[in-house]
Amino acid sequence: MTSRIVPDAGGISLSGTSYEFIPLSGTSLNVSGAAILADGGSFSGPVSLAIAGGEVDASGGMLVLDGNVAMRNASSIAIAGGALLDLVDGASGLVVFGGANAELIVNDLALDTASVAAMVGHDVIDLIGIAPSLVTFSGGMISAKTAGGAAICSFSLAVEAGQPAVEIVVDGSGGALVTLADEMACFARGTRLLTPNGYVPVEAFKPGDPIITRAGVKRPVRWIGRRVIETGLKTASDLRPVVVLAGALGPGCPSRDIRLSPAHAVFLDGVLVPAMHLVNGATVIRERSTGAVTYYHIELDRHEVVLADRLPVETYLDTGNRAQFQHEMGVRGQAATIYAPLVTSGPKLAQVRRQLHAVAIQAGFTPVRDPALHGMVRDLRLLPEILPQKAAIAVRFALPPDAGRLMLIAQTAAPADTDPDSDDRRELGICVRQPRSKRLRLGAGWYGKAEGDAGLWMGAGGELFVPPGMTALTLHLAAVAQRWQPPAVIDL
């Protein structure tokens, strides 16, 4: 049944039905239950549409605007935390997020010109039918184009101060999800968890299925969350999986390679350590390939440790990021007590990392200082001459006439890879003492000098602009990054 809205002095309250609206002026519209406003219309301000209460996918706190809504003058639409606004035919004016876990759905971006403001962590804008590769965020503007490059629409997006960067990922249904980057602890698709019937891939679980904890107790799965992330996007590169290689913690642990999100904690030596802090470049590595990765998480009736192919890992604990999952099944839990202390720095982390370091050594990895340095001048590859020095390393490049630009290329590693006590995650190649010649200029690829650096560190590639007439260049190296040399492979 469709009811006609008749405003009064106290405003309008909608709950649990469908409404046809007439032009409104100088009033408020409050939605406490699910409601649909049909047939379009115009609001000439000041008018406020407020959506409050309820779950995104439940009956309360959901408003569907079926028909283009024009918000003029001081008019605005406010979406309270945990509520959903579905714009079927777009809107103009201002849409304001009023708290975390709010969702705005835009079904036809070509019809929508509304500005969006006050976005905070776990708020979401779902752009239906627009691939993430066709959506950009720059200068406070969300812009979308067709596959042929034609502009569809642009609207301003204001994010509250102190929030993470804007992230654009797939929504799992062929559209783009605009959200704020945040760390999530998840299992990558294919990860197998121990059940009474053996190891089962995480994507096969359903609410109610039994799972075996580290202590050997059988507990039912309460809730499952799923999210797809395009890790090839610059804003999502830090969310690429961490791969714990088979045997990284010792023989058979894990029994096969395990892919976890960077924030997913592993239980080691009585503490929980996020996988990103276990990366050592040898037996625990960051996945470098790009593309979509599907992350899952499983919640029990309390925070627990379960076994992923013998690797002890945490189950889901709600720390305020549940809305980051695009799909969910089951009943959300209420557990608030963490299984064990979470460690991200300090002596305890170093102790755990030293154990991984020892396993890597036993597996045949050897720390070496060999940058495999060479240079490129246009298409010419240059190998350096190693000069004898008493207390340092010096390399000399013979340059072709009018070289102009020398590109140095080296193997890199993070100091934290081979030093369990280091937290330096910069990918470093060679460290060059400050050039004495003022005519020699550094280009791209060099780090700013940090505390403790003996010179200027270069990453995988660093530019040097050489003056006309220079036919040889000598560089004095203050340090070379230490990296792992993998064990030799013997062909039988």
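Colleague: How does the lining of the second largest cavity divide by class?

Modeller: By class, three of its residues are nonpolar, two are polar and one is charged. Nonpolar covers Ala, Val, Leu, Ile, Met, Phe, Trp, Tyr, Cys and Pro, charged covers Asp, Glu, Lys and Arg, and the others, Gly among them, are polar. The names to look up are Val124, Leu177, Thr179, Arg227, Ala323 and Gln324. This is a predicted model, where local features need pLDDT of at least 70 and side-chain atom pairs pLDDT 80 or more, while totals for chains, interfaces and linings use all residues. Residues are numbered from 1 along each chain as its sequence is written, and side-chain values use heavy atoms, leaving out hydrogens and water.

Colleague: And how many cavities of 30 Å³ or more turn up in the whole structure?

Modeller: Two. A cavity is a set of points on a 1 Å grid over the protein atoms alone where a 1.4 Å probe fits but cannot get out, and lining residues have an atom within 4 Å of a point. The volume is the space filled by probe spheres on those points, joined across faces, edges and corners. The largest cavity comes to about 40 Å³, and the second largest to about 30 Å³.

Colleague: Which residues line the largest cavity?

Modeller: Leu278, Asn280, Arg353, Leu356, His357, Asp417 and Pro420 do. Three are nonpolar, two polar and two charged. Helix α1, residues 347-362, gives the most to this lining, with three residues. Helices (H or I, at least four residues) and strands (E, at least two) are DSSP runs numbered from the N terminus.

Colleague: How many helices and strands does the chain have?

Modeller: Two helices and 49 strands. Try the open sheet ordered β40-β39-β43-β47-β45, where the pairing is antiparallel. β40 (380-382) and β45 (441-442) each have a single partner strand, so they form the edges, with one side lacking a neighbour in the sheet. Pairing here takes at least two bridges found by DSSP.

Colleague: How many bridges join β39 to β43?

Modeller: Three, between residues 374-377 of β39 and 405-409 of β43, running antiparallel. Click on glycine 375 and you'll find leucine 408 as its bridge partner in β43. For a parallel case, go to β15 and β17 (residues 124-127), which share four bridges. There, isoleucine 105 stands opposite aspartate 126 of β17.

Colleague: Are the faces of β15 covered or bare?

Modeller: Both are covered: Glu103 and Ile105 on one side, Leu104 and Val106 on the other, are all buried. Buried means under 20% relative accessible area, exposed over 50%, and partly exposed in between, with a 1.4 Å probe and protein chains only. Across the chain, 48% of the 492 residues are buried.

Colleague: Now backbone angles. Where does alanine 372 sit, and what is its phi?

Modeller: Alanine 372 is in the loop between β38 (366-368) and β39. Its phi is positive, about 50 degrees, although it isn't a glycine. Alanine 372 is partly exposed, at 37% relative accessible area. Aspartate 402 is another non-glycine with a positive phi, about 55 degrees. You'll find aspartate 402 in the loop between β42 (393-398) and β43, and at 58% relative accessibility it counts as exposed.

Colleague: What kind of peptide bond joins cysteine 253 and proline 254?

Modeller: A cis one, with omega about -5 degrees. Proline 254 belongs to the loop between β29 (242-244) and β30 (258-260).

Notes: On a 1 Å grid over the protein atoms alone, a cavity is a set of points where a 1.4 Å probe fits but cannot get out, and a pocket is an open set with protein on both sides within 12 Å along at least five of seven lines; lining residues have an atom within 4 Å of a point.
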